[in-house]
Every structure is written in structure tokens, then in C-alpha cells.
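Reader: Hello! I'm new to this structure and would love a close look at one part of it. Could you walk me through it?

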Amino acid sequence: LGFEPMPLLPPPPSEGARAVWLALDEVSDPQNLGSLLRSALFLGAAGVLVSEKNSAPLTPAVSRASAGAMELLRVHSSRNLV
């Protein structure tokens, strides 16, 4: 289990389509990260971007809390969200 690196932002969606990403900064609790991933999947987010610093790693505890959403979403990490 691990984050996908994201060196560049994805291209904008085609006209008429909307891509919503969830950006998370320093979510250190695995249960909270899992519930946010679960909510992002339910609400139709295209992906999740997590800061590398002080964030919970993708572990089996996060997977359990996400009810499998972690395996279905694209979860990326970035050094800095600024």
C-alpha cells in the first residue's frame, strides 16, 4: 500500500464535465483518513491529494475505515499543497 506520486496536476476536464479532487493537509488519524476517503468515493471525487508531511500512511487500518474505498480511489501524495 502506498501513495501514487503526483509531479503535476492532472489536465482540466473536458468541457461540460467537472472533476472534483479532495485535498487533505496533515490528517494524521488513520480512522479520519479512511472516513474521508469513503466520503470522497461516495460523493464522486476524481481523486485525493494528501500532503506527505504529518499525514497518516495508507495502512490496513485506513483501508478498513474506508470500507474498501482506498482501493478504488486514486490517492496521491505531494510534498507541499501550496
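Reader: Which residues in the largest nonpolar core touch the most other members?

Author: Happy to help, and please keep in mind that this is a predicted model. The largest nonpolar core has 14 residues, and those that touch the most other members are Leu33, Leu37 and Val48. Helix H1 and strand S3 each supply at least two residues of this core. The greatest contribution comes from H1, which gives three residues.

Let's look at leucine 37 up close. Setting aside its neighbours within four places in sequence, leucine 37 is in contact with Val48, Val62, Ser66, Ala69, Met70, Leu73 and Val75. As background, nonpolar side chains in soluble globular proteins tend to be buried together.

Now for the surroundings. H1 covers residues 30-42 and lies across S2, S3 (47-51) and S4, running at about 165° to S2. Together, S2, H1 and S3 form a right-handed β-α-β unit. The strands S2 and S3 pair in the parallel sense over four bridges. Val48 comes up again here: this valine in S3 is the bridge partner of leucine 22.

Stepping back, the strands belong to an open sheet of four, in the order S1-S4-S3-S2, with parallel pairing. Its edge strands are S1 (4-5) and S2 (21-24), each of which pairs on one side only. S1 pairs with S4 (residues 75-78) in the parallel sense over two bridges, and proline 5 has serine 77 in S4 as its bridge partner.

Key
Residues are numbered from 1 along each chain as its sequence is written. This is a predicted model: local features need pLDDT of at least 70, side-chain atom pairs count only at pLDDT 80 or more; totals for chains, interfaces and linings use all residues. Side-chain values use heavy atoms; hydrogens and water are left out. Two strands pair if DSSP finds at least two bridges between them. Contact means heavy atoms within 4.5 Å. Axes are lines fitted to C-alpha atoms, for helices over the stretch in contact, and angles run from 0 to 180 degrees between N-to-C directions. A crossover is right-handed if, with the strands pointing away from the viewer, the path from the first strand over the helix to the second runs clockwise. A nonpolar core is a set of buried Ala, Val, Leu, Ile, Met, Phe, Trp, Tyr and Cys residues joined through side-chain atoms within 4.5 Å. Buried means under 20% relative accessible area, exposed over 50%, partly exposed in between (1.4 Å probe, protein chains only).
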